[in-house]
Amino acid sequence: MLLGLVLLALVIGLAILLSRKIISSASDEIVRGLKEIQLGNLDYSLKTGNRDKSAELTDAYAGMRERLKVSRLEMEKRFDELKLLNEV
């Protein structure tokens, strides 16, 4: 009985440690991606290996990054058009 409780406690402890490492790793990757966007790098993609909440965040990040890229390209195109108009 005591051995069973000790084994159960070990399994629970290992599960907690493993889940903390996975969550920490996922959040570190998301923070890195956000810093890349802050620096203007809209080509940085997040790496994810599973389909959990961190994968949902990764998908949301990817959507935001793509919308920002499109907006930036449209803004640069309009700026170039305005430059041409001002030269006339």
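Visitor: Is I16 buried, partly exposed or exposed?
Guide: This is a predicted model, and I16 is found in helix 1, residues 2–38. Buried would need under 20% relative accessible area, and exposed would need over 50%. I16 has 45% relative accessibility, so it counts as partly exposed.

Visitor: About how much area does the nonpolar surface patch with I16 cover?
Guide: I16 is one of the residues in this patch. Others include M1, L2, V6 and I12. Together the patch residues make a nonpolar surface of about 1100 Å².

Visitor: What share of the accessible surface of the protein chain belongs to carbon and sulfur atoms?
Guide: The accessible surface of the protein chain comes to about 7400 Å². The part that belongs to carbon and sulfur atoms is 66%.

Visitor: How many helices and strands are there in the protein chain?
Guide: One helix is helix 1, which spans residues 2–38. Another is helix 2, spanning residues 53–87. The chain's count is two helices and zero strands.

Visitor: What percentage of the residues in the protein chain is buried?
Guide: The cut-off for buried is under 20% relative accessible area. The chain has 88 residues, and the buried ones make up 16%.

Visitor: Is A26 buried or exposed?
Guide: A26 has its place in helix 1. Its C-alpha atom is 8.9 Å from that of T58, which is 32 residues apart from A26 along the chain. The relative accessible area of A26 is 18%, and under 20% means buried, so A26 is buried.

Visitor: Which residues make up the largest nonpolar core?
Guide: The core has six residues in all. One of them, L46, touches I30 and Y61, and these two are also core members. Outside that list, L46 also touches E29, G33 and T58. The full core is I30, I37, L42, Y44, L46 and Y61.

Visitor: Is R65 buried or exposed?
Guide: R65 sits in helix 2. Leaving aside neighbours within four places in sequence, R65 is in contact with I37, L42, D43, Y44 and S45. Its relative accessible area is 9%, under the 20% cut-off, so R65 is buried.

Visitor: Which residue has its backbone oxygen 3.2 Å from a polar atom of the R65 side chain?
Guide: Look among the contacts of R65, which include D43, Y44 and S45. The backbone oxygen at 3.2 Å belongs to Y44.

Visitor: Which residue forms a salt bridge with R65?
Guide: Side chains of opposite charge can pair when their charged atoms come close. For R65, the closest N and O atoms of the pair are 3.2 Å apart. R65 is buried at 9%, whereas its partner is partly exposed at 37%. That partner is E66.

Visitor: How many salt bridges does a search of the whole structure find?
Guide: R65 and E66 form one of them. K69 and D43 form another, at 2.6 Å from N to O. The search finds two.

Visitor: How many residues apart in sequence are the parts that K69 and D43 tie together?
Guide: The side chains of K69 and D43 meet in a salt bridge. K69 lies in helix 2, and D43 lies in the loop between helix 1 and helix 2, so the pair ties together parts that are 26 residues apart in sequence.

Visitor: Which of K69 and D43 counts as exposed?
Guide: K69 has a relative accessible area of 25%, so it is partly exposed. At 52% relative accessibility, the residue that counts as exposed is D43.

Notes. Residues are numbered from 1 along each chain as its sequence is written. This is a predicted model: local features need pLDDT of at least 70, side-chain atom pairs count only at pLDDT 80 or more; totals for chains, interfaces and linings use all residues. Side-chain values use heavy atoms; hydrogens and water are left out. Helices (H or I, at least four residues) and strands (E, at least two) are DSSP runs, numbered from the N terminus. Buried means under 20% relative accessible area, exposed over 50%, partly exposed in between (1.4 Å probe, protein chains only). A polar contact is a pair of N or O atoms within 3.5 Å; within protein, one must be able to donate a hydrogen and the other to accept it, and residues adjacent in sequence count only if both atoms are side-chain atoms. Contact means heavy atoms within 4.5 Å. Accessible areas come from the Shrake-Rupley method with a 1.4 Å probe; for residues, only the protein chains shown count as cover. Patches are made of residues with over 30% relative accessible area and no salt bridge: like charges are joined within 9 Å, nonpolar side chains (Val, Leu, Ile, Met, Phe, Trp, Tyr) within 5 Å. A salt bridge is a side-chain nitrogen of Lys or Arg within 4 Å of a carboxyl oxygen of Asp or Glu. A nonpolar core is a set of buried Ala, Val, Leu, Ile, Met, Phe, Trp, Tyr and Cys residues joined through side-chain atoms within 4.5 Å.
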